[in-house]
Each structure stands twice: as structure tokens, then as C-alpha cells.
Number of protein chains: 2
Amino acid sequence: MALLDTVVMRGLSSQGALSNEDKAFLLELELNPRHMSASEVLWLENGHADLFCVVKEGWGYSYRNLKNGSKQILKFYLPGDIIGIRDFGFTRRLASAAMINEGVIYPFSYQQLFELFGRSSLAVGIMATAMRQQALLSERLVYLGKYAAHEQLAHFLYEIYLRLKRIGAVEDNSFLMPLTQELIGDALGMSPVHVSRTFSMLREEGLVIRDRQHIKLPDPEALARLVEFNDSYIDEFLPHAFSELLRATP
Amino acid sequence: MALLDTVVMRGLSSQGALSNEDKAFLLELELNPRHMSASEVLWLENGHADLFCVVKEGWGYSYRNLKNGSKQILKFYLPGDIIGIRDFGFTRRLASAAMINEGVIYPFSYQQLFELFGRSSLAVGIMATAMRQQALLSERLVYLGKYAAHEQLAHFLYEIYLRLKRIGAVEDNSFLMPLTQELIGDALGMSPVHVSRTFSMLREEGLVIRDRQHIKLPDPEALARLVEFNDSYIDEFLPHAFSELLRATP
DNA sequence: GATTATCCATAACCTATGTTAAGTGAGCGA
DNA sequence: TCGCTCACTTAACATAGGTTATGGATAATC
């Protein structure tokens, strides 16, 4: 169930690109949902890479510890995201991963991932999932490189907003974001003090209202315009050409 | 020939993970080497994504144009690299791509990429290639986020050094790097003036000797120590467990 | 209910890097 | 040979963001 519940796989399935056997295969995978407490570590950098997970509930993140004692967060994982395919093809973890709040994950072994590659539609699905993650990463890199703090933060909030909206976790332009300003700073390469300053700025401009973990974007489109947000890398489903190709080359 | 000449595929092949049919398949792909002139554009952001390429000679790069007129370079491509799998699963290009100097590339259609996914070993190879690219991207993100200019540049040069060394393009710790300081700045999110300043700094410390495109690292290990370079994400070949799994699940 | 730990806001000050500008040398075409 | 352009260097100045510090909420623990 969990792997089929993943964004890309759901897209493929709804486009009729997955055969019944494909779906059965996904459903047959042994799933042991695991309850995670807040801050619980999934794995550490350089640890042996042997599994990946689908996040069912709660938020997670992957990060690298830096020599100066701080850390760089690479990505936040929301329900429906797959965590751990980053290390596919390596023996050791390139980054650590941990939960933010409590939640539930479904772990899979790399062995299972391999078996999945025996079915081309599923392999394509996994690959597309991985490329979507890479797109998010590239987008962050672009903003880290050349944009001012308020643009970075606006972009970050809008990205989270879109991702949450996609999984139905946004209501009345409001959502719950279980991140401290320190975590946000670690993701955006910014000091926590400056995150606070920047939030104040966005608040004064009426773009973001925040009360602890409750975020409200009174005018999401204004935010999007501020950063020229191009959401194709988040929202776009697999091209139909994909499904046609998949049906044509079984 | 060209796709088999790719780092990961060569690794898989030498570990006996590719069957004769796999290799034959790679060799059969229609290859039309194409000569590219300096600065020639391969494709533009938002263009239709229909092909990817293996770089045979010359350097390329992918980049995003920013609203303020500058650009952010996402990655430099050296001979043996695959350019364009980033957009797999999207209809449009997420980034532009162009050559830096003149060179030769081998284009493939996405159609061919799809057919390739019908053979699990090859799909695994492509996936592993993509994840290696993502690792480079993550590493850059980490350095963009929290490191000082001289550390970023040192890291960048050492990465290039390692990648060139792997393809035999380093001799006596020297190599040719056809990049202007402006391009380096666009990659590192740094003004060209500051790139120059930082080069001067590294020169004064005896870490980098540079004469236009000729770079010499008198003591590469010293550079690596400066940035605590962890080269596992570049050099590591596919884990042997991989090959075993591939042989076990045909 | 008191105490403590987190998280956040704001201020004062400092520094790395951006910006602008002027000058140098290499290459190159007329 | 002259003059142009391009890549680079260096300097002077400006500023975004880092750092340190203080105080005030709110939540957690006893």
C-alpha cells in the first residue's frame, strides 16, 4: 500500500501505466510500519546503506554534519515522500536522516528495491521519483546561490505550502510546520537570528502570518510572484508520453 | 560504445553484472556523434525534454537563468558524463545546457532510455549514475550553504581534480580547466571579483598555481584536508553486493 | 504552582562578500 | 604596429548577514 501511495506511483497508476502485476508486486512487498518518536534517527552518515522508507506520518529530514559543528539540511520529507533512495548505488550513507516530530514509516530493504527494478514500469517510477527529489535539490541550490534571505525564505515556505497542499494538508491557506527557526536556518544556510529577522520582514509585508508551528499565507500567489516560483518541478505529473512508452515497451 | 564508456556502466561491466545481451544492447543503440562548437547550446530551460547525451570530448554545463540577469550553474560535465537525465520524468527541461569549449557528444533519445529500462541491470546502472550526480549536487549545496569562499573554491577545485584524474586527464598534479572566473562564480554563487580574490589567497598559501586555464595543485592532499573532502561520493564504485543482487535477480 | 528549558524577537556590533571602478596584460584583427 | 576586447587583478567603499547578548513568551518538568 505505502509504495503505491507515493506521488509518482499514484500518477503512473492513474494513467494506466501500471499493470495489475505491477500493482500486486508493490502490494506484496513486506511492510512493517514502524512508529518513530520525535528526533529519532533513522540512520547516520557513513552508516551501511541497506534500506529506504516511505514516510506515512510526521516529518523527517536528511542532513550532513559540518566540521564547524553546525549542519546542512538537504531535504525535509513529508508524508508520501520516499527517504533513502539518495544512497542507491553506494555502500554507505551520504547523509544522516532523522525524524522531526513523531510519525510512522514503512521501511523497505534495498533487496526489495532491486527486485522492483525487474519490472520496467516500477523502475521508471522509482527513477522519476528520484529525479523529482533532485529537482527540489537543484531549486534549493539556485536559491542558496544567488538570492537574498527574504527571497529564500519565501521560496522555501511556498515550496512547503505546495507540497503540503498536494497531500491535502493545507486548509484555508494555513498549515502546520513543525520546524524551529534553527532547522529552517540549517536548511537555508542562514543563522537562526537572521531567520527570525526575515520572518519579521515577511510578516510586516503581510505575506506570512506565523504563530509557532502554525503558518498562514494570506496571499500565496503574492509569495509565488515574489520568487517567480515555477512549480512545474513539483506539480507536474508524469508526461502522458511516459505511459504510452511504458505500454509500448513491456 | 559511448554508454558503455560511462563510469557506472564500466564499473558494472567489470564486476560481471552485465550480461552479454546487456552489453550488446548498449552497443546497438544508434549513436550519431555530434560535433559541438564552443558555447553551443544543447537545450534551453522549458524546452521539450526528448534526449540526453554522453559527453565524449569537451566540457559542458547546465544552468538556470535568474531573474536578476545572472545565472546559477548546477553542474559541469566532463568527458564520460551523462547530461540530461536530470529531466527524466518531466516533459520540459528544468535547466538549460550548453558547451563550454568545443567537443563531441553522443545524443540518445528518451525513447531509447525507456527501452533500456527493460533490462534491470541497465536500469540499475542508469539509476546509480543519476544518484552519483545527485551526490555531487548535494555536496555543492552543503558548501554553498555554510562554507567560506576559500573553502568553497578549494572544494570545487579538488572535486574537478578528482573527476579529471578518474578519466586520466591529470598529469603531474596539473590539468586544463576551460573555465573563466565568471563561470566559476556562477557555479559557486560568488561574484567574479571575489573568485579572483580567493584564487589569490589560495595562491599565496601555495595551494593552487594557475596560469589562465592551466591549473596545478602542488599538494592536492593539503587542499583535501582544508575542506575535509570525503571522496567516497565520487570514487566509490558500485558495491559488490550490487552485482550479486543483479546476478541473483535476472 | 514553581522552576527550568526552548523558542523566538530585537538590538548592537562586526566581517565577509558584493559593487564599482580603474588598471594590466594577452590575444587578435585591421 | 596600433588599437580593440577579454580575462583578470587590485583597491575603496557599501551592505547583507553573522555573532553575541538580552529579554520575553510558552511549554515541559518536578
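**Notebook: DNA strand D and a sheet in chain B**

I started at the surface near DNA strand D, and α7(B) gives the most to it, with 5 residues. "Near" here means that a residue's C-beta atom, placed from the backbone, lies within 6 Å of the strand. Helices (H or I, at least four residues) and strands (E, at least two) are DSSP runs, numbered from the N terminus.

Before going on, I noted that this is a predicted model, where local features need pLDDT of at least 70, side-chain atom pairs count only at pLDDT 80 or more, and totals for chains, interfaces and linings use all residues. Residues are numbered from 1 along each chain as its sequence is written, while chains are lettered from A and ligands numbered from 1 in the order in which they are written.

Which residues are the closest to DNA strand D? I found 14 residues around the strand, the closest being A149(A), H194(A), T180(B), Q181(B) and S196(B). Two or more residues each come from α7 (192-204) of chain A, and from α6 (181-188) and α7 (192-204) of chain B.

Next I looked at the sheet in chain B. It is open, with 4 antiparallel strands in the order β2-β7-β4-β5; strands pair if DSSP finds at least two bridges between them. I saw that β2 (41-43) and β5 (71-77) of chain B are the edges, each pairing on one side only. Between β4 (residues 60-65) and β5 of chain B I found 6 bridges, and G60(B) has Y77(B) as its bridge partner in β5(B).
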